[in-house]
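Let's practise reading the surroundings of bound molecules. Have the structure open, try each task yourself, and then follow the solution.

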Amino acid sequence: MTKDTMTSVPVHVSMIMDGNGRWAKERGKERVYGHFEGVGSVRACVEASVEAGVKYLSLYAFSEENWNRPEAEVKTLMGLMVKAMADEMDDLDRNGVRFMVIGNRERLGEELNKVIDACMERTASNTTLTLIIFLSYSGKWDILQAAKKMVASVLSDPDSADDILDMDINGFDKYLATAGIPDPDLIVRTSGECRLSNYLLWQGAYSELLFVDTLWPDFRKEEFHKAIEYYSKRDRRYGKVK
Ligand code: IPE
Ligand code: IPE
Ligand code: MG
């Protein structure tokens, strides 16, 4: 499907990339094999987003809870992130993709933080697509860090208390780790699980949700375009009567 044939293209599509372990298990392989294969799906979704005219693609790559996985799997996943970012940086930049990472970066290693900074700086002025990787992220962590930022702001400048007390919903948005990024129009979760697993709890308040059985390593361009088609048929009412 191309831009012209669609009635309504979501501005921001978000993916909960799930099912890598099961994909590998089905093939009698180690779980990490599924994570490696999943990188191909990331590439496919980036390309499909550009084709469809989506402006923001965000990917839940590693949750705060995922730190509780076996040490070896966490280590492999972090190594994979470093490699994938280093390998893809040139292509992302050439294709006009702005790259961002959002999450609790204090928990990430030095090597990973360095490659993230390099990739973010290099692609900062690109405008075709913003690709956001949620890494060491959770929705509750985000809301908590926003609350802490507000307290810190009042402690350093007591006059800011009035602004905070007068603040509306949009004002709170500015304290979230996603400040400046539009809320996701569509959140897709792969692998048949129908839960948010602590993802974008505030920002996803009015997102359309799509749960598909496809395992993440099999979620390629065709599935992405199908998800966009599903979205274009939704009737978003925001509590009003139409
Ligand atoms: C998603 O696949 C990747 C991460 C959460 C890092 P999983 O590793 O959760 O795969 P399943 O759900 O066990 O199949
Ligand atoms: C959700 O997947 C997190 C990511 C996709 C990064 P999980 O596989 O960790 O979620 P649960 O444990 O099934 O809820
Ligand atoms: Mg999973």
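This is a predicted model.

**Exercise 1.** Work out how the shell around ligand 2 divides into nonpolar, polar and charged residues.

*Solution.*
Step 1: List the shell, which consists of Ile16, Met17, Asp18, Tyr60, Ala61, Phe62, Ser63, Asn66, Arg69, Arg189, Arg195 and Ser197.
Step 2: Sort these residues, and you get five nonpolar, three polar and four charged.
Step 3: See where they come from: strand β2 (residues 56-63) gives the most, with four residues.

**Exercise 2.** Find out how far side-chain N or O atoms of Asp18 and Arg69 are from an oxygen atom of ligand 2.

*Solution.*
Step 1: For Asp18, the distance is 3.2 Å.
Step 2: For Arg69, the distance is 3.3 Å.
Step 3: Add another charged neighbour, Arg195, with a polar side-chain atom 2.8 Å from an oxygen atom of ligand 2.
Step 4: Turn to the cover: on its own, ligand 2 has 390 Å² of accessible area, and the protein covers 78% of that.

**Exercise 3.** Which element gives the most residues to the shell around ligand 1?

*Solution.*
Step 1: Look for elements that give two or more residues; these are α1 (20-26) and α2 (31-52).
Step 2: Choose between them: α1 gives the most, with three residues.
Step 3: Check polar contacts with oxygen atoms of ligand 1: a polar backbone atom of Gly21 is 2.9 Å away, and a polar side-chain atom of Arg31 is 2.8 Å away.
Step 4: Finish with the cover: the protein buries 87% of the 380 Å² that ligand 1 exposes when taken alone.

Key:
Residues numbered from 1 in each chain as written. Chains lettered and ligands numbered in written order. Predicted model: local features only at pLDDT ≥ 70, side-chain atom pairs only at ≥ 80, totals over all residues. Heavy atoms only, no water. Near = heavy atom within 4 Å. Polar contact = N/O pair within 3.5 Å; in protein donor to acceptor, adjacent residues only side chain to side chain. Areas by Shrake-Rupley, 256 points an atom, 1.4 Å probe, with all protein chains shown as cover. Nonpolar A, V, L, I, M, F, W, Y, C, P; charged D, E, K, R; others polar.
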